[in-house]
Amino acid sequence: LEAQFLRAQRLESIGTLAGGIAHDLNNILTPILAAAQLLPLKLSHIDEQSQQMFKIIETNAKRGAALVKQVLQFAQGVEDERTIVQINDLFSEIKQIVQQTFPKSIEFSTNIKSDLWAVVADATHLHQVLMNLVVNARDAMPDGGTLNISAENVFIDEQYVRMNLEASVGPYIAIAVTDTGIGMSPEILDRIFEPFFTTKEFGKGTGLGLSTVRGIITSHNGFVKVSSNVGRGTEFKVFLPAVQATATSLAENLELPKGNGE
Ligand code: ADP
């Protein structure tokens with residue numbers, strides 16, 4: 001617990017520090033971007049090479065701004081609004097994005113179950129969690145492969161809790177994101193949840209994806225498990241506390257509470 005507390009405290013100070021820097025950096029990048037876009041319009045003649053250089057300034061200022069936005073989101077956290085989330089709806093949204101934007105060499109599959117238990121969560125945050133995981137899966141499969149997302153009901157018992165102190169006895173939904181990509185060595189696996197830890201080349205990764213995933217899942221009283229084999233692939237499993245009723249029946253019950261006589 002002591003270690004957990006210290007980690008939380010360290011994460012918080014990293015967050016505050018990063019948030020401060022990101023805020024200042026934003027004020028620096030905005031005029032750079034504006035000047036890079038306006039200057040070419042002001043000049044009466046500009047040669048091809050200068051045009052390209054303006055483009056480089058613009059592209060990179062935009063890239064910096066996107067990074068800053070991600071850091072700010074991580075540091076400030078976004079508002080949290082809990083509703084009954086239909087995991088299947090979430091899967092449909094992710095499926096659409098993956099099929100429209102990921103390379104064709106990545107085969108996508110998912111299971112849609114109708115009897116999943118209900119989860120009370122922030123839908124936008126869960127969307128973010130799944131997006132971060134599928135983007136990592138994509139990046140782990142530069143030569144293509146299979147990406148699968150699935151969900152199942154899991155009842156966690158006392159025996160499980162004894163080995164996994166983050167869990168408590170009760171119903172959970174386990175969401176698995178698996179890929180057949182490059183996998184991770186134990187040394188990398190050890191560090192993936194650290195803010196700013198990345199093995200991706202400069203500009204490609206911020207190292208905030210999985211710390212955000214962990215932050216969101218922890219705030220929902222859930223937990224994350226990872227297993228990975230170098231050269232074979234990786235499975236991320238996100239456990240979220242659930243209510244032992246389907247989302248639809250829970251929504252109906254909340255609207256129309258049943259009398260005691262039933
Ligand atoms: P980023 O994606 O910006 O690097 P993350 O926190 O999302 O930041 O991930 C941290 C690191 O964890 C990645 O750079 C990568 O080394 C490793 N990683 C995450 N997901 C996977 C995966 N599915 N397969 C292989 N490595 C992964």
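## Five strands, one open sheet

Two strands count as paired here if DSSP finds at least two bridges between them. On that basis, this predicted model has an open sheet of five strands, in the order β2-β4-β5-β7-β6 and with mixed pairing. At the edges sit β2 (106–110) and β6 (223–229), each of which pairs on one side only. Ignoring direction, neighbouring strands in this sheet are turned by 15° against each other on average.

Let's walk through some of the pairs. β2 runs parallel to β4, with five bridges between them, and Glu107 faces Thr146 of β4. Next, β4 (residues 145–156) joins β5 (residues 170–179) through 10 bridges, this time antiparallel. Ile156 has Gly170 in β5 as its bridge partner. From there, β5 pairs with β7 (residues 233–241) over eight bridges, again in the antiparallel sense, and Thr178 is matched with Glu235 in β7. Helix α3 (residues 87–101) lies across β2, β4 and β5, and its direction makes an angle of about 165° with β2.

## A second sheet with three strands

There's another open sheet to look at, with three strands in the order β1-β3-β8 and antiparallel pairing. β1 (83–85) and β8 (243–246) are at its edges with a single partner strand each, so each has one side without a neighbour in the sheet. The twist from one strand to the next averages 55°.

β1 and β3 (residues 117–121) are held in register by three bridges in the antiparallel sense. If you want a pair to find on screen, try Val85, which stands opposite Val119 in β3.

## Around the ligand

Which residues come closest to the ligand? Out of the 23 that surround it, the closest are Asn136, Ala140, Thr198, Gly205 and Gly209. Sorted by class, the shell holds nine nonpolar, 12 polar and two charged residues. Two helices, α4 (123–139) and α7 (209–219), each contribute at least two residues to that shell.

## The two helices that supply the shell

Start with α4. This helix has 17 residues and spans 24 Å from its first C-alpha to its last, close to the 24 Å expected at 1.5 Å a residue. Its buried residues are His125, Leu126, Val129, Leu130, Leu133, Val134, Asn136, Ala137 and Arg138. A bit of helix geometry is handy when reading that list. An α-helix has 3.6 residues a turn, so residues three or four places apart point the same way. Asn136 turns up twice in this story: it is buried in α4 and is among the residues closest to the ligand.

How much of α7 is buried? Eight of its 11 residues are, so α7 is largely enclosed by the rest of the structure. Those buried residues are Gly209, Leu210, Ser211, Thr212, Val213, Arg214, Ile216 and Ile217. Gly209 also belongs to the group closest to the ligand.

## Loop residues to check

Just after α7 comes Asn221, with a positive phi of about 60°, even though this residue is not a glycine. Asn221 sits in the loop between α7 and β6. Is Asn221 buried or partly exposed? There are 13 other C-beta atoms within 10 Å of Asn221, and a residue needs 20 or more to count as buried, so Asn221 is partly exposed.

Phe196 is another residue other than glycine with a positive phi, near 70°. You'll find Phe196 in the loop between α6 (186–189) and α7. Phe196 is partly exposed, with 13 other C-beta atoms within 10 Å. Asn164 belongs to the loop between α5 (158–163) and β5, and this residue is partly exposed too, with 13 other C-beta atoms within 10 Å. Asn164 and Phe223 are 59 residues apart in sequence, yet their C-alpha atoms are 9.6 Å apart in space.

## The chain as a whole

Stepping back, the protein chain has eight helices and eight strands. Its C-alpha atoms fill a box of roughly 85 × 45 × 45 Å along the principal axes. Of the 262 residues, 23% are buried. Among contacts with a separation of 6 or more, 74% are between residues 24 or more positions apart.

Methods: Residues numbered from 1 in each chain as written. Predicted model: local features only at pLDDT ≥ 70, side-chain atom pairs only at ≥ 80, totals over all residues. Helix = DSSP H or I, 4+ residues; strand = E, 2+ residues; numbered from the N terminus. Axes fitted to C-alpha atoms, helices over the stretch in contact; angles between N-to-C directions. Near = placed C-beta within 6 Å. Nonpolar A, V, L, I, M, F, W, Y, C, P; charged D, E, K, R; others polar. Buried ≥ 20, exposed ≤ 12 C-beta atoms within 10 Å, placed from the backbone. Contact = placed C-beta atoms within 7 Å. Expected span 1.5 Å × (residues − 1).
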